[in-house]
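Me: I should like to learn how to read cysteines and helices in a structural model. Could we work through a case together?

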Amino acid sequence: MLWIKNGIVIDPKNGIEGEKMDIFVKEGKIVEESEVNKEECKVIDASNKLVVAGGVEMHSHIAGSKINTGRSMRPEEMRVVRNVAGKFRAVVGRVLLTAPGIGYEYAKMGYTTAVEAASPPIGSPHTHEELDAIPILDKAALPVFGNWHFVFKFVSEKDQEKLQAFIAWAIERTKGYGVKIVNPGGVEKWMYGSNVRTLDDEVPIYGVTPREIITEVVKANEALNLPHCVHIHCNNLGVPGNYETTIETMKLVSGMKNENRPVLHVTHVQFNAYAGSSWRDVSSGAEEIAKYVNKTDNITIDMGQPIFGHATAMTGDAPFQFTLHRLTGARWSNKDTEIEGGAGIVPLVYLPKNPVHALQWAIGLELGLLIDSDKVVISTDWPNGGPFTEYPYIMAMLMSKRMREKELERVSPYVQKASSLPAIDTEKTLYEVIKMSRSLPAKILGMENKGHLGVGADADIAIYDINPNEVDPSVEYELINKAFRKPAYTIKGGEIVVKDGELVAETWGRTFWVDATKKVSMEAIESDLDEYFQNYYSVERINFGVDERWVKKPARLEVK
Amino acid sequence: MENVVCTFCGSVCDDGVFENGDIRRLCALGKSKFSKKERIKAPMIDGKEVSYEEAIEKAAEILVEAKRPLLYGWASTVNEAIRLGVLIAEKVGGIYDQCASVCHAPGTLALIEEGVPGGTLGSVKNRADVVIFWGANPVEAHPRHPTRYSVMAKGLLIKDRKDRKVVVIDVRETKTAKLADIFVQIKPGYDYAIISALRAIVKGEKIEADEVGGVPVEKLYELAELMMNAKYGVIFYGLGVTQSRGRDRNVENAIKLVQQLNRKTRWIIWPMRGHYNVVGAGEVPAWEAGYQYAIDFSRGYPRFSPAEFTAVEALVRRDCDAALIVASDPAAHFPRKAVEHLKKIPVIQIDPHPNLTTLLSNVVIPSAIAGLEAEGSVYRMDGIVLRVKKLVETEYWSDVQILEKMYEVVVKRVG
């Protein structure tokens with residue numbers, strides 16, 4: 001039992017904005033004062049400190065074949081020693097990290113939940129093995145659907161019933177949490193050496209278009225009422241002029257509504273927010289996107305903020321990764337995956353003086369600043385945009401124009417003419433960045449007990465050495481940047497895991513997965529599954545996927 | 001039981017049928033894995049039979065007291081056991097190395113230089129209209145590979161064997177060469193030169209020689225033409241490429257060729273991995289410690305150096321003072337000098353069957369056979385994970401059980 005005393009609480013979900021309060025924890029949950037025996041409580045003095053929910057990472061590449069190939073391909077990334085073996089595991093990694101390092105570093109920043117944002121379905125056992133090797137955090141994984149032949153088939157046949165049954169089957173089999181789409185149709189076209197360029201390009205054999213795939217999959221996701229909305233990596237990622245495709249994609253869900261969450265989450269939008277016709281005249285399309293997102297009420301995005309320095313691009317967008325390899329001349333790994341999709345991995349460095357990199361950096365911030373705080377989530381799309389350990393930098397930048405002005409001095413002047421960042425006066429409040437890193441991602445994911453400190457929430461709590469009532473983030477940005485890197489406490493499921501920025505305990509979180517199989521009739525797709533497994537898969541149907549007992553600490557969420 | 005997963009070669013076929021102690025549908029190599037063979041009868045310390053607990057206690061003592069123990073093998077056990085091996089290596093400040101260091105590790109070095117443009121075996125089955133086996137002989141080493149995935153396999157775009165051209169490039173006419181449409185016999189040690197010539201042709205340059213590596217230039221032009229005209233091609237390379245002159249540079253060059261080909265059409269390249277879980281023996285340490293093999297923990301954190309921390313090199317340099325050998329038989333396969341050092345240091349072996357390494361081991365711990373008597377996850381040669389099953393009951397402890405207990409004792413001793 002814990003008694004967190006006299007903290008200054010910011011809890012956007014419950015409308016608490018810097019109130020002095022006590023928080024009580026029992027059996028891993030936040031409870032009413034009356035539920036605990038104060039004499040038995042461990043007391044944490046949080047006087048003059050900021051008390052918030054543990055951070056929720058909704059888009060990061062924390063587990064599976066992509067990140068592991070990245071590690072194998074980049075031993076130079078592993079030469080930074082973060083922890084020597086002793087009470088805790090040895091940890092190495094500069095931007096890429098070993099699995100224990102991922103758990104430790106998120107916790108050391110006050111984050112307690114993280115979602116792997118793209119898991120190849122046939123590779124889901126690997127994804128779960130790696131998730132199980134990550135300490136402390138609660139986790140989940142999103143299987144990719146946008147290039148899966150079953151999806152093409154059921155979309156081309158306009159058979160919603162089968163599509164829904166298939167999605168429920170696939171999420172159960174992969175122990176996944178929701179529906180991810182990556183460059184729908186484009187990765188299949190990559191198998192023929194090309195890519196899709198518009199929402200109306202046709203996918204070989206099936207004749208379906210990205211427009212149809214997205215629309216039908218969103219409809220199915222809504223009909224199933226899955227906790228998380230469709231999570232999309234748009235077509236044309238990394239292509240100048242692509243902001244138009246992004247807005248066109250967003251328009252596909254206009255008129256659709258869900259009371260509890262958005263119906264579409266568009267991810268790492270920075271990579272999809274370019275205006276111009278080539279890398280010579282590329283400029284920011286962030287304002288247009290922001291205008292559109294702000295006027296709708298069913299779409300959210302995350303930033304995909306680049307951080308200057310090393311990164312590793314790794315996505316299920318295989319054709320884009322090949323383009324990046326050609327563009328940079330860097331190493332390139334590719335993985336075509338049966339009839340499901342593909343992936344690619346390319347090392348990358350963001351240089352402040354490089355005009356394009358500086359512009360990408362500016363666009364990420366523009367999105368974070370121009371979009372309403374209840375529609376944009378902080379992310380670097382780790383390790384694509386750079387290290388997640390720089391979230392405190394992003395938070396400080398969003399809150400301080402002065403800090404941005406200082407940073408703008410060191411980046412390519414191209415930013416001045418190609419983006420509106422220098423002219424943006426917006427300064428997000430502490431309340432807003434807490435929302436963007438806690439309550440909002442939890443809401444989008446449909447994780448009711450995450451991202452807030454109300455009674456019944458999981459006791460995932462971060463305490464920072466900042467007094468929200470005294471600090472002025474606009475001026476004291478360095479203090480903000482420093483304090484968010486070193487929580488006074490990180491509490492995961494009621495246990496203190498970090499104290500004064502140092503790891504003090506290693507715990508094991510749960511892996512959330514969603515079971516919607518009771519909402520559909522599996523019989524509808526039996527013969528299709530048999531047909532595809534017999535003819536096109538390289539494994540037997542019964543050997544595909546993950547059984548719950550193979551997962552270390554599974555947490556099943558049944559969709560009613 | 002149907003859909004049994006085979007634990008012999010890197011193909012990890014998952015359609016075996018096990019009934020009344022008999023396995024059907026698998027190849028002769030796979031069947032041998034399930035047939036009755038001589039077993040190590042009981043745990044032993046210096047030839048004397050002891051209990052599992054005693055043997056494990058002794059093994060942990062050896063590992064903890066050693067300055068730098070070598071923990072080697074791992075290619076023929078499950079991921080869960082491999083993970084424990086990495087954890088023990090970290091705890092005792094030892095070296096983790098695995099079988100790839102004497103077979104496919106040059107491919108890992110090439111991956112570090114150039115990446116690997118690859119795909120799953122299902123991609124090949126469904127799409128590949130040109131398949132090249134380079135220094136690989138699946139008919140003898142991965143007998144069902146040609147039928148299930150590559151040569152005769154039918155799929156989405158490949159409806160018939162006629163839809164696919166198969167090329168074998170090797171120094172001798174192997175059994176696989178007999179399945180091929182085109183066999184290119186090359187002089188031993190000339191892989192690099194031939195790959196370079198193909199790269200040049202694909203790039204549009206002219207070869208100013210009559211032959212390269214024993215292959216007439218016209219034949220290389222024909223081959224390059226075939227590659228450029230493929231809709232979806234694959235190069236499967238074997239030990240003929242990684243263990244001949246050039247080693248990792250051969251693979252690196254072949255990857256560059258594939259990069260070049262992707263500017264025109266689609267190609268992938270993939271190694272033909274040997275043991276059923278040699279891929280896992282690299283994947284698991286990669287996520288736990290950052291590297292695939294040749295990992296030294298003596299400083300408390302992982303360091304990777306193939307010229308120093310691979311098993312053969314560490315043994316030859318007498319740089320390790322104890323060894324834990326799991327699911328492997330280095331005494332039968334390592335150079336004499338390495339085995340001589342192995343004979344001088346305390347050796348612990350965990351394996352289901354007696355072998356040459358058993359003879360020089362101080363502690364021998366028999367284990368259950370994964371895929372027959374124990375379950376767990378393994379990586380097929382293309383990185384696809386399959387769950388091997390437990391089909392029969394046994395008195396033997398599984399590798400996971402043994403290593404879990406060993407880890408527990410090590411943690412207690414190290415503190």
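Reply: The turns below take up cysteines, a helix and an annotated domain. Please keep in mind that this model is predicted.

Me: How many disulfides does a search of the whole structure find?

Reply: A disulfide requires two cysteine sulfur atoms within 2.5 Å. Over all chains, the search returns zero disulfides.

Me: Why is B:Cys9 without a bond to B:Cys13?

Reply: The distance is the reason: B:Cys13 holds the closest cysteine sulfur to that of B:Cys9, and because the two are 6.1 Å apart, they are too far for a bond. B:Cys27 is likewise in no disulfide, its nearest cysteine sulfur being that of B:Cys6, 6.1 Å away.

Me: Are B:Cys9 and B:Cys27 buried or exposed?

Reply: Buried means under 20% relative accessible area. B:Cys9 has 10% and is buried; B:Cys27, with 18%, is buried too.

Me: Which residues of helix 18 of chain B are buried?

Reply: In an α-helix there are 3.6 residues a turn, so residues three or four places apart point the same way. In helix 18 of chain B, the buried residues include B:Leu403, B:Met406 and B:Val410. The buried residues of this helix pack against helix 2, helix 3 and strands 17, 18 and 19 of chain B.

Me: What span does helix 18 of chain B reach, and what comes just after it?

Reply: Its 16 residues, 399-414, reach 22 Å from first C-alpha to last, close to the expected 22 Å. Just after the helix, B:Gly415 adopts a positive phi of about 90 degrees.

Me: Which residues of chain A does the UniProt domain annotation cover?

Reply: The unreviewed UniProt entry annotates residues 42-498 of chain A as "domain: Amidohydrolase". Over those residues the chain is 35% helix and 18% strand.

Notes
Residues numbered from 1 in each chain as written. Chains lettered and ligands numbered in written order. Predicted model: local features only at pLDDT ≥ 70, side-chain atom pairs only at ≥ 80, totals over all residues. Heavy atoms only, no water. Buried < 20%, exposed > 50% of the residue type's maximum accessible area, 1.4 Å probe, protein only. UniProt positions renumbered as here; feature names shortened; annotations may be inferred. Helix = DSSP H or I, 4+ residues; strand = E, 2+ residues; numbered from the N terminus. Expected span 1.5 Å × (residues − 1). Contact = heavy atoms within 4.5 Å.
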